[in-house]
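Please load the model in your viewer and keep the sequence panel open beside it. We will go from stop to stop, selecting residues as we go.

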Amino acid sequence: SNLGGHFDNGDFKSSLYVLIEELLEREKNVLPSFRRFHLAILFSSDGRIISYKWNIRHSICAERNLLQSTGVPGDSHLVVVQIRKKKNGFTLGNSLPCRLCRACLINSEVVSVSYSLPGGHLTGCLTQELPENDYSASN
């Protein structure tokens, strides 16, 4: 799958929801069993999926799990969302990268990061401008 040029227009959120639905369906047998988890998706500059990883509870956040297991090409884009499973589908929660992930991202080839906010809204910034955050999904 890929998001093509959707990073720069209003179709990004709806395209991302469709992509997440596809990933959840494809990976349903290996999804984390807990109700809330984080998903990090690494995209190439042309919108192709390079890789994606979940957080591992009490171990590692999705972002670091992805960065440690994937070669990150220059000019790539990371999308990280908190998935909240519901009876019929999912919603998005806050997924601002934690302090450790922020440091790893700043030292990586990822040029921009999009993440979900409370209430399911999406925002993004250049990696170097990621806000600081003490929360960690791996705790």
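Start by selecting Asp75, which sits in the loop between H2 and E3 of this predicted model. Check its backbone: phi of Asp75 is near 65°, a positive value in a residue other than glycine. Asp75 counts as partly exposed because its relative accessibility is 46%.

Now look for another residue of that kind. Select His58, in the loop between E2 and H2. His58 is not a glycine either, yet has a positive phi of about 60°. Is His58 buried or exposed? With a relative accessible area of 63%, His58 is exposed.

**Zoom out to the whole chain**

Colour by secondary structure and you will find three helices and six strands. Trace the chain from the N terminus and the elements come in the order α-β-β-α-β-β-α-β-β. Switching to a colouring by accessibility, you will see that buried residues make up 48% of the 139 residues. If you draw a surface, the exposed area is about 7,200 Å², and carbon and sulfur atoms supply 46% of it. For a contact map, take the contacts with a separation of 6 or more: residues 24 or more positions apart account for 59% of them.

**Helix H2**

Next, select residues 62-69, which form helix H2. How many of the eight residues of H2 are buried? Six are, so the helix is mostly covered, "buried" being under 20% relative accessible area. To highlight them, pick Ala62, Glu63, Arg64, Asn65, Leu66 and Leu67. Which elements do these buried residues pack against? Show strands E1, E2 (49-54), E3 (76-86) and E5 (110-116), together with helix H3 (99-106), and you have the partners of the buried residues of H2.

Stay in H2 and centre on Leu67. Leu67 is buried, with a relative accessible area of 16%. Leaving out residues up to four places away in sequence, display what Leu67 touches: Val72, Cys104, Leu105, Ser108 and Val110. You can also draw a distance from Leu67 to Ala40, a residue 27 positions away along the chain; their C-alpha atoms are separated by 9.5 Å.

**Across to helix H3**

One of the contacts of Leu67 is Cys104, so move your selection there. Cys104 lies in helix H3. What does Cys104 touch, beyond residues up to four places away in sequence? The answer is Arg64 and Leu67, and both of these are among the buried residues of H2. Cys104 itself is partly exposed, with a relative accessible area of 32%.

Two C-alpha distances are worth drawing here. From Cys104 to Gln68, 36 residues apart along the chain, the separation is 9.3 Å. From Ala103 to Arg64, 39 residues apart along the chain, it is 9.8 Å. Ala103 is also found in helix H3, and at 38% relative accessibility Ala103 counts as partly exposed.

**Charged side chains**

Side chains of opposite charge can pair when their charged atoms come close. With that in mind, show the charged side chains as sticks. How many salt bridges does the structure hold? There are two.

For one of them, select Glu25 and Lys28, where the closest N and O atoms are 2.7 Å apart. Glu25 counts as partly exposed at 49% relative accessibility, and Lys28 is partly exposed as well, at 48%.

For the other, select Arg48 and Asp46, whose side chains meet with an N to O distance of 3.1 Å. Arg48 is partly exposed with a relative accessible area of 45%, while Asp46 counts as partly exposed at 41%.

**Last stop: a surface patch**

Finally, turn the surface back on and select Arg35, Arg36, Arg57 and Lys86. These residues gather in a patch of positive charge on the surface. Within the patch, pick out Arg36, which belongs to strand E1 (residues 36-43). Is Arg36 buried or partly exposed? Arg36 is partly exposed, with a relative accessible area of 42%. Strand E1 was also on the earlier list of elements that the buried residues of H2 pack against, so you can keep both selections on screen as you finish the tour.

Key. Residues numbered from 1 in each chain as written. Predicted model: local features only at pLDDT ≥ 70, side-chain atom pairs only at ≥ 80, totals over all residues. Heavy atoms only, no water. Patch = residues over 30% accessible without salt bridge, like charges linked within 9 Å, V, L, I, M, F, W, Y side chains within 5 Å. Areas by Shrake-Rupley, 256 points an atom, 1.4 Å probe, with all protein chains shown as cover. Salt bridge = Lys/Arg side-chain N within 4 Å of Asp/Glu carboxyl O. Lys, Arg positive; Asp, Glu negative; His and termini not counted. Charge placed at Lys NZ, Arg CZ, Asp CG, Glu CD. Helix = DSSP H or I, 4+ residues; strand = E, 2+ residues; numbered from the N terminus. Buried < 20%, exposed > 50% of the residue type's maximum accessible area, 1.4 Å probe, protein only. Contact = heavy atoms within 4.5 Å.
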